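Student: Please take me slowly through one part of this model, the place where helices pack against one another, and tell me which residues take part. I would also like to hear about the cysteines before you begin.

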Amino acid sequence: MIVPVIDVQANNFKELWAAVVIAIKTSSFIALDTELSGLGSRKALLAESIEDRYKAICHAARTRSILSLGFACYKKLDNKADSTYLVQVYNLTLLCSEEYIIEPQSVQFLVQHGFDFNKQYAEGIPYYKGNDKGGDAHGVNMRSLFIELLRANKPLVVHNGLIDMVFLYQCFYAHLPERLGTFISDLSQMFPSGIYDTKYATEYELRFTASYLEYAYKKCKLENSKAIAGGGNGSHLFIEFCKYTGNMQSYIDYRPCLDNQNQHGALNICVQFSAYGWCPNGSQCTMSHDTDLIIQHDEKTREDKRKKRKRKNKNKASQGPSEICSSPQGKKSHFEEASLDQAVPISEPAVPEHQEETASSEPTDAANAFEPGKTASKNGNEESQPEAPSEAPDRPKEKKVEGGTHRAGFDAFMTGYIFAYARNLTKNTEEPSTAPLVPACLNKLFLSGKSVPLHVAKSTFSKSSKAHVHKMDYVWGKSTAVKPEGTA
């Protein structure tokens, strides 16, 4: 698989506008990811009170900015066998036209993952935050594109997405309301087809050992490949891409999926990265951050436990608890087996085929607060990737590369793949077409350190914000005018 990611900047935004809008309107669901200029106080973002957390995220969204936005539009092909999706991936480079804070650690993280700040400041698509300013909701701009996203009324998929949703609201929609209840009320009306968080799905439905983005994506990909190889009557997931020709070729970044077969002998896995997708030592870490090997180790550990339990069951028929691959506490399993300063040895790493080199990152605190790429943006997990092959001369060869290029577009693709896989596992052939795609995960946003998600539903105790009510009238054609800032 080679994933084509279409780069969109100010110099080709108008040219690609129609294609992006059509992809949004014809999709079955849309996966989204952002890269941010910073998040502010991490302690405040993990406050015990969810209301306090929301205030901290609002402060970050008002003072920081979105640097890039990724869209992955997944269209279910009904004329194909199994679950086949046509996927179009867009990576939009953005430039806030107002002053904003950019944190040094965010710059360092993004540069380390290949983000081009020269390109951003030279070719970034401009936008203004907060309420509409005059006619900026009309024409070819980010605010108009966000309106098209709302009008399309498609299920929206994010990974650890509360921060994403707050930033999107502030940057492309309106000034954020002061209260969380008001924000949630607005959000439920903005996306009536539902919001799905693959971080929540990975932890509570798929129950993987770890839930950071690259791990979850590669684990889904591996399980799907095993199911296809094993045959059977079950439905499998297949991905197709458009064939781009002519001018479009110059806008596309092709992301090859590499088999990690160049590793020989015993390797040491970084336990911190293995559990959370992030390591404080980054590229300087002497242990492996290879997600393929981490998954292989988890598979071996799981099999060893299964065999051990089977032996015990033979001796004790009343033996009870069955193994749970990954409860919400499962992400700590790595720490139970080894301390942070130890390595987990792996010998004879037979990495399965079709594993992708990807870029994603997740925050590192024990609460697993953010996803990769957001400490330098909103997530905070970092991942290593093997050297690029000779077919990709544009990638410099280094001893160790953390998390590939870490692009919002490719992260959106991975997020969508996880959701499509979860959808394929849980779908009911008899359910109506209007039924939620993954019912157990509908409108549930993952909350770090909490045992329950944040439900996106309008409360009888919360009213919608005035700015939102006016925008909804405009989105659905009840009002043709957009009031300038200060009047909504």
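Tutor: A disulfide, as the word is used here, is a pair of cysteine sulfur atoms within 2.5 Å. The sulfur of Cys96 has its closest cysteine sulfur in Cys171, at 6.5 Å, which is too far for a bond, and the structure as a whole holds zero disulfides. Cys96 counts as buried, with a relative accessibility of 6%, and Cys58 is buried as well, at a relative accessible area of 2%. Please keep in mind throughout that this is a predicted model.

Some background on the chain will help to place the helices. The chain has 488 residues, of which 59% count as buried, and its secondary structure consists of 15 helices and 15 strands. Among contacts with a separation of 6 or more, 79% are between residues 24 or more positions apart. The exposed area of the chain is about 20500 Å², with 52% of it supplied by carbon and sulfur atoms.

Now to the packing itself, with helix α14 (residues 408-426) as our guide. Two packed helices are described by the angle between their axes and the distance between the axes. For α14 and helix α10 (residues 213-230), the angle is about 45° and the axes are 9 Å apart; the two helices are therefore oblique to each other, and α10 passes α14 in a left-handed crossing. On the α10 side the contact is made by Leu213, Glu214, Ala216, Tyr217, Cys220, Lys221, Glu223 and Asn224, and on the α14 side by Asp411, Phe413, Met414, Thr415, Tyr417, Ile418 and Tyr421.

Lys221, which lies in α10, deserves a pause, as this lysine is buried, with a relative accessible area of 5%. Lys221 and Tyr421 are separated by 200 residues in sequence, yet their C-alpha atoms are 8.2 Å apart in space, and both residues belong to the contact between α10 and α14.

Helix α14 also packs with helix α9 (residues 198-206), where the axes come within 10 Å and cross at roughly 35°, again in a left-handed crossing. Here Thr198, Thr202 and Leu206 of α9 meet Thr415, Ile418, Phe419, Tyr421, Ala422 and Leu425 of α14. If you compare the two lists for α14, you will find Thr415, Ile418 and Tyr421 in the contact with α10 and also in the contact with α9.

Helix α9 is mostly covered, with eight of its nine residues buried, namely Thr198, Lys199, Tyr200, Ala201, Thr202, Glu203, Tyr204 and Leu206. The elements that cover these buried residues include the strands β6 (156-158), β7 and β14 (444-445), together with the helices α10 and α14. In the loop between α9 and α10 sits Arg207, whose phi is near 55°, a positive value in a residue other than glycine. Most residues other than glycine have a negative phi, which is the reason to look at this one individually. Arg207 counts as partly exposed, at 27% relative accessibility.

Further along α14 you will find Asn424, which is buried, with a relative accessible area of 9%. Apart from its neighbours within four places in sequence, Asn424 is in contact with Ser83, Ser235, His236 and Leu237.

Strand β7, one of the elements covering α9, leads on to another enclosed helix, since β7 (195-197) also packs against the buried residues of α8. Nine of the 11 residues of α8 (residues 180-190) are buried, so this helix is largely enclosed by the rest of the structure. Those buried residues are Leu180, Thr182, Phe183, Ile184, Ser185, Asp186, Leu187, Ser188 and Met190, and besides β7 they pack against α3 (50-63), α6 (142-152), α7 (162-172), β15 (454-455) and α15 (466-475).

One of those partners, α3, contains Ala56, which counts as buried at 15% relative accessibility and which, leaving aside neighbours within four places in sequence, is in contact with Ala44 and Leu45. Another partner, α6, is joined to β6 by the loop that holds Asn153; Asn153 has a phi near 55°, a positive value in a residue other than glycine, and is partly exposed, with a relative accessible area of 32%.

Notes: Residues numbered from 1 in each chain as written. Predicted model: local features only at pLDDT ≥ 70, side-chain atom pairs only at ≥ 80, totals over all residues. Heavy atoms only, no water. Helix = DSSP H or I, 4+ residues; strand = E, 2+ residues; numbered from the N terminus. Buried < 20%, exposed > 50% of the residue type's maximum accessible area, 1.4 Å probe, protein only. Contact = heavy atoms within 4.5 Å. Areas by Shrake-Rupley, 256 points an atom, 1.4 Å probe, with all protein chains shown as cover. Axes fitted to C-alpha atoms, helices over the stretch in contact; angles between N-to-C directions. Parallel < 35°, antiparallel > 145°, perpendicular 65-115°, else oblique. Left-handed = near helix turned anticlockwise from the far one by under 90°.
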